[in-house]
Amino acid sequence: MESFEELNINRQLLNAVADLGFEKPTPIQEEAFPVGMSGKNIVGIAQTGTGKTLAYMLPILQQLKYSKVYKPRVIILVPTRELVVQVVEQIEFFTKYMNTRVLGVYGGVNIKTQMGALTRGQDIIVGTPGRLYDLAANRSLLLQDVKKLVIDEVDVMLDLGFRFQLNNIFQLLPEKRQNIMFSATMTEDVEILINENFINPEFIAIALSGTPLDNIHQSCYLVENFYTKVNLLTHLLQDKETYQKILVFIDSKKNADRLFTAMEESFWSELLVIHSNKSQNNRLAAIERFNDNNARVLIATDVIARGLDLDDITHVINFDTPKFPENYMHRIGRTGRAEKMGHSILFSTENEQDAKKEIEKLMEYGIPSIDFPADVKVSKELTLDEQPRIIEKNPHKKRSYEVGASFHEKKDKNKKTHNLGGGQKIKIKKAKKYKNPISRGQKPKGKR
Ligand code: AMP
């Protein structure tokens with residue numbers, strides 16, 4: 001697309017983007033616009049720097065009619081205060097020629113000022129989930145008229161533990177609304193949030209194909225399970241000359257801790273782990289040790305690794321295979337920088353082969369595989385997630401689960417898939433936790 005005019009946006013918006021010096025929409029803006037206008041739920045996979053703020057704002061602002069109503073119609077949730085300020089600033093630029101009222105709300109400052117600003121009436125509220133919920137709970141912020149909910153940087157938001165606040169906010173919002181969320185990485189937590197709250201979302205991702213990967217040497221191993229991956233990683237890292245500075249990516253905090261515990265004994269002083277449950281000091285100290293070459297191996301989750309400035313990584317190890325191929329691209333991009341050859345090694349189980357194929361499709365490149373070394377032990381130990389799922393029937397419940405056709409259908413209003421959809425899924429998981437024998441893979445090391 002060659003210009004913003006092709007999107008048929010109104011004159012005020014066209015002038016505002018022209019003033020900002022933007023010549024044409026970025027790929028994510030082009031893709032998000034028609035979906036945003038259609039009113040469908042959107043899940044966008046995009047990093048900062050892609051123009052995602054304008055991508056979700058353009059259709060919202062195009063549809064936002066002038067109104068004197070004092071209850072806000074658009075809510076934008078972001079994980080940090082800094083981002084609240086930044087997004088408010090951007091919206092102010094975009095609405096330079098419109099009569100739009102925007103307010104940023106976040107914790108750590110006097111709530112009364114924000115309450116006062118709300119009584120004057122607002123169209124768009126940008127906020128962190130904690131403060132926004134507090135304002136809604138004390139009824140200074142009324143959410144009944146909200147038509148659009150944007151959740152930006154969802155992965156970071158969930159990693160910081162905002163899930164509870166998000167759920168609380170969902171409960172207060174009208175069910176009929178458009179949900180738009182953006183995340184740079186797709187994590188298990190993000191997927192759960194989508195499944196539980198978003199009906200039929202349209203996925204938008206900018207393909208990263210064509211990314212220069214020439215200076216990254218890629219390979220992969222087919223590995224049986226988590227603890228066999230531990231054995232393989234331990235085996236590879238014995239070669240200190242080849243493996244000099246290694247970043248190990250893993251999908252969740254729980255697995256990061258599990259991996260650290262399993263490797264600690266063999267590599268104690270050389271091994272570091274960081275994720276968002278670690279304190280800020282602890283994280284900073286770990287990064288410093290790694291950057292000063294005082295530790296050789298850093299285990300990190302996708303989300304936390306994003307904000308890190310790490311140099312001279314010789315190897316990226318993908319301990320798991322990202323379900324979203326973009327995550328793999330972000331991971332391996334951490335090596336092979338500044339003209340230096342980097343290496344990426346992917347570990348995947350049989351169950352992860354589909355995800356691996358998706359990655360290869362995106363890159364248009366088949367990752368060369370290496371035979372599993374004969375001298376590495378195949379472990380039979382399974383983590384809780386790897387154990388076969390047994391869903392037990394409740395012995396106290398008389399009625400069979402298979403309800404016949406005569407069983408009356410719920411009335412529409414009682415069906416309520418929205419916001420409640422995943423409740424049962426979670427219950428099954430929790431129940432399972434108590435039933436399985438305690439094993440090494442289950443140690444409650446670090447909260448999730
Ligand atoms: P974001 O990904 O929303 O954080 O945006 C990254 C940067 O790109 C911001 O500084 C925007 O001002 C800028 N930007 C957004 N859209 C465009 C565009 N269409 N053309 C040029 N720059 C843009």
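**Exercise 1. Charges over rings**

Determine which ring lysine 245 lies over, and at what distance from the ring centre.

*Solution.* Lysine 245 lies over the face of phenylalanine 290, and the distance to the ring centre is 5.1 Å. The model is a predicted one, and this value, like those that follow, is computed from it. A charge sits over a ring only if NZ of Lys or CZ of Arg is within 6 Å of the ring centre, and within 35 degrees of the ring normal. A further case is arginine 258, whose charged end sits over the ring of phenylalanine 226 at 5.7 Å from the centre of that ring.

**Exercise 2. The aromatic pairs**

Classify the pair formed by phenylalanine 226 and tyrosine 227, then the pair formed by phenylalanine 319 and phenylalanine 347, and state which residues form one aromatic cluster.

*Solution.* Step one is the count: the structure holds 6 aromatic pairs. In one of them, phenylalanine 226 and tyrosine 227 have their ring centres 5.2 Å apart and their planes at 75 degrees, which makes the pair edge-to-face, given that planes over 60 degrees apart are classed in this way.

Step two concerns burial, for which the threshold is under 20% relative accessible area. Phenylalanine 226 has a relative accessibility of 7%, and therefore counts as buried; tyrosine 227, at 4%, is likewise buried.

Step three turns to phenylalanine 319 and phenylalanine 347, whose ring centres are 5.8 Å apart and whose planes meet at 55 degrees, so that this pair is tilted. Because phenylalanine 319 lies in the loop between strand S12 (315–318) and helix H14 (325–332), while phenylalanine 347 belongs to strand S13 (residues 342–348), the pair ties together parts that are 28 residues apart in sequence. Both phenylalanine 319 and phenylalanine 347 are buried.

Step four assembles the picture: Phe226, Tyr227, Phe319 and Phe347 join with Tyr221 in one aromatic cluster.

**Exercise 3. The ligand and its shell**

Work out how many nonpolar, polar and charged residues the shell around the ligand has, and which ligand atom lies 2.8 Å from a polar side-chain atom of glutamine 29.

*Solution.* Begin with the residues that surround the ligand, among them Phe4, Phe22, Lys24, Pro25, Gln29, Gly51, Lys52 and Thr53. Sorted by class, the shell has 3 nonpolar, 7 polar and 2 charged residues.

Next, consider individual atoms. The side chain of glutamine 29 places a polar atom 2.8 Å from a nitrogen atom of the ligand. A backbone N or O atom of glycine 51 lies 2.8 Å from an oxygen atom of the ligand, and an N or O atom in the side chain of threonine 53 is 2.6 Å from a ligand oxygen atom. Finally, on its own the ligand has 500 Å² of accessible area, of which the protein covers 70%.

**Exercise 4. Positive phi outside glycine**

Decide for glutamate 153 and for glutamate 364 whether the residue is buried or exposed, and locate each in the chain.

*Solution.* Glutamate 153 has a positive phi of about 50 degrees although it is not a glycine, and its place is the loop between strand S5 (148–151) and helix H7 (154–159). Its relative accessible area is 12%, so glutamate 153 is buried.

Glutamate 364 also has a positive phi, near 55 degrees, and lies in the loop between helix H15 (353–363) and helix H16 (412–415). With a relative accessible area of 70%, however, glutamate 364 is exposed.

Key: Residues numbered from 1 in each chain as written. Predicted model: local features only at pLDDT ≥ 70, side-chain atom pairs only at ≥ 80, totals over all residues. Heavy atoms only, no water. Phe/Tyr/Trp six-rings, centres within 6.5 Å; stacked < 30°, edge-to-face > 60°. Buried < 20%, exposed > 50% of the residue type's maximum accessible area, 1.4 Å probe, protein only. Helix = DSSP H or I, 4+ residues; strand = E, 2+ residues; numbered from the N terminus. Near = heavy atom within 4 Å. Polar contact = N/O pair within 3.5 Å; in protein donor to acceptor, adjacent residues only side chain to side chain. Areas by Shrake-Rupley, 256 points an atom, 1.4 Å probe, with all protein chains shown as cover. Nonpolar A, V, L, I, M, F, W, Y, C, P; charged D, E, K, R; others polar.
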